[in-house]
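Biologist: I'd like to go through the labels people put on a structure and ask where each one comes from. Could you show me the model first?

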Amino acid sequence: MAKFAVTPANEAQRDAWTGGAFPDVERVRPGLWSIPVPIPINPLRYVLVYALELPDGVAIIDAGWNTDEAYDALVAGLGVAGYAITDVKGVLVTHMHPDHYGLAGRVREASGAWIALHPADARLLRERYDDEAVHSLVERERALLLRCGVPPETLDELAGASMRIRHVVSMARPDRLVEDDEDLGLPGWDLKAVWTPGHSPGHLCFVSPARRLLFSGDHVLARITPMVAVHPQLGPNPLADYLDSLAAVRKLEVDEVLPAHEYRFLELAERVDHVMAHHDERLAEIEQVVGAHDGVDCWRVATGLTWSRPWETIPPYMRRSANNETLAHLVWLEARGRVVREPGEPDLWRPA
């Protein structure tokens with residue numbers, strides 16, 4: 001697929017991303033700041049936290065991982081904007097993943113801020129992050145991977161791959177549950193929630209119609225596509241949810257997209273079209289691989305696809321993501337009658 005380059009809203013921010021650097025704290029426009037918060041041991045490098053000025057302080061969109069480095073960067077970034085961490089009145093979390101939700105509890109402890117999250121993500125927090133509950137989630141992931149045909153020698157390592165980053169999350173129940181199309185009630189802001197499931201069940205974007213801005217979280221990014229994968233905590237067809245959510249945000253009339261990673265950009269509809277075309281190509285590639293076998297498991301399909309690097313160089317935790325993303329595409333094809341599944345250990349996939 002031909003590459004489509006969005007127009008960066010700030011070339012210096014784009015250059016920092018493409019050059020492997022850390023962008024500056026930036027006053028995006030009056031009353032709005034962008035604060036990069038580092039993500040350790042992760043190719044995304046940072047999450048962009050947005051601070052929205054209020055009459056009595058700020059609300060932030062996302063927070064970062066719960067590490068001292070991330071917390072110090074958030075405090076310093078707020079300082080550049082003229083605020084202290086104690087001035088934070090609310091934390092709007094786009095979704096439950098550690099780089100967005102992990103630091104929210106620590107911010108609340110320091111400031112008394114409320115934490116807002118969609119209920120579909122809120123109800124999954126205990127199983128994902130509570131020490132007493134997480135082991136059942138690992139076992140469910142192991143069962144899923146077994147049905148995918150993951151080799152026995154790597155099964156346990158892949159099933160528990162997420163355990164190594166649980167320490168970067170401060171378990172914190174949300175104070176507010178935010179539904180689709182809900183007005184956030186922030187003084188001076190006409191901010192509304194847009195429910196965009198797919199990357200997570202409760203992923204939220206936030207739109208300001210008056211300012212023509214979309215805070216897109218991980219839903220729409222400038223260059224890469226978010227992981228949309230089958231997972232024990234997700235719905236039966238997450239790719240269908242994601243593509244429907246893309247179609248919904250494409251209709252929004254905005255001039256600028258403010259994502260949680262990479263850099264801000266201008267062309268929402270064109271970027272959505274490009275992401276949809278990417279998934280169409282991926283679906284076609286997977287159908288081709290399935291058609292070349294008389295019954296093939298998901299793991300073998302994943303190893304036969306084109307990735308950004310050779311399969312043998314992909315770390316184990318990323319192989320799990322690749323497998324589960326492949327499964328999401330297989331499930332989408334199955335729902336449309338283009339492939340069929342023969343249940344077993346592993347499940348085998350064939351052309352319809």
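Modeller: Here we take some helix pairs and a few single residues in turn. Please keep in mind that this is a predicted model.

Biologist: Gladly. What makes α9 roughly antiparallel to α10?

Modeller: The axes of α9 (residues 238–250) and α10 (residues 268–291) cross at roughly 155 degrees. Angles over 145 degrees count as roughly antiparallel, so α9 is roughly antiparallel to α10. The two axes come within 9 Å, and the crossing of α9 past α10 is left-handed.

Biologist: Which residues of α9 and α10 meet?

Modeller: From α9 there are Leu239, Tyr242, Leu243, Leu246, Ala247, Val249 and Arg250. Their partners in α10 are Leu268, Ala269, Val272, Asp273, Val275, Met276, His279 and Leu283. By class, the contact of α9 with α10 comprises 12 nonpolar, one polar and two charged residues.

Biologist: And α10 on its own: how does its length of 35 Å compare with what is expected?

Modeller: Its 24 residues reach 35 Å from first C-alpha to last, close to the 34 Å expected at 1.5 Å a residue. Among its buried residues are Arg271, His274, Arg282 and Glu285, along with Val272, Val275 and Ile286.

Biologist: Why are α10 and α12 called roughly perpendicular?

Modeller: They pack at an angle of about 85 degrees, with axes 10 Å apart. The range from 65 to 115 degrees counts as roughly perpendicular, and therefore α10 and α12 earn that name. On the α10 side, the contact is made by His279, Arg282, Leu283, Ile286, Glu287 and Val290. On the α12 side (residues 316–335), Thr326, His329, Leu330, Trp332 and Leu333 take part. That contact divides into six nonpolar, three polar and two charged residues.

Biologist: How do you know that α7 and α12 are roughly perpendicular too?

Modeller: By the same kind of check: α7 (residues 134–148) and α12 pack at about 70 degrees, with axes 11 Å apart. With 65 to 115 degrees as the range, α7 and α12 are therefore roughly perpendicular to each other. Their crossing is left-handed. Glu141, Leu144, Leu145 and Cys148 of α7 make the contact with Arg320, Asn323, Asn324 and Leu327 of α12.

Biologist: Asn323 caught my eye there. Why does Asn323 count as buried?

Modeller: Buried means under 20% relative accessible area, and Asn323 has 0%, so the label applies. Apart from neighbours within four places in sequence, Asn323 is in contact with Leu145, Cys148, Val150, Cys298, Trp299 and Ala302.

Biologist: What makes Val228 buried?

Modeller: Val228 has a relative accessible area of 1%, and the cut-off is under 20%, so Val228 is buried. It lies in the loop between β10 (213–217) and α9. Beyond its neighbours within four places in sequence, its contacts include Leu239 and Tyr242, as well as Glu325 and Ala328.

Biologist: Let's finish with two aspartates. Why is Asp62 called buried, and why is Asp181 called partly exposed?

Modeller: Asp62 has 2% relative accessibility, under the 20% limit, so Asp62 counts as buried. Asp181 has 49%, which falls between 20% and 50%, so Asp181 counts as partly exposed. Asp62 sits in the loop between β4 (57–61) and α2 (68–80), and Asp181 in the loop between β7 (176–177) and β8 (192–195). Phi is positive at about 70 degrees in Asp62, although it is not a glycine. Asp181, also a residue other than glycine, has a positive phi near 70 degrees.

Notes:
Residues are numbered from 1 along each chain as its sequence is written. This is a predicted model: local features need pLDDT of at least 70, side-chain atom pairs count only at pLDDT 80 or more; totals for chains, interfaces and linings use all residues. Side-chain values use heavy atoms; hydrogens and water are left out. Axes are lines fitted to C-alpha atoms, for helices over the stretch in contact, and angles run from 0 to 180 degrees between N-to-C directions. Helices (H or I, at least four residues) and strands (E, at least two) are DSSP runs, numbered from the N terminus. Angles under 35 degrees count as roughly parallel, over 145 as roughly antiparallel, 65 to 115 as roughly perpendicular and the rest as oblique. A crossing is left-handed if the near helix is turned anticlockwise from the far one by less than a right angle, and right-handed if clockwise. Contact means heavy atoms within 4.5 Å. Ala, Val, Leu, Ile, Met, Phe, Trp, Tyr, Cys and Pro count as nonpolar, Asp, Glu, Lys and Arg as charged, and the others, Gly among them, as polar. Buried means under 20% relative accessible area, exposed over 50%, partly exposed in between (1.4 Å probe, protein chains only). The expected span of a helix is 1.5 Å times one less than its number of residues.
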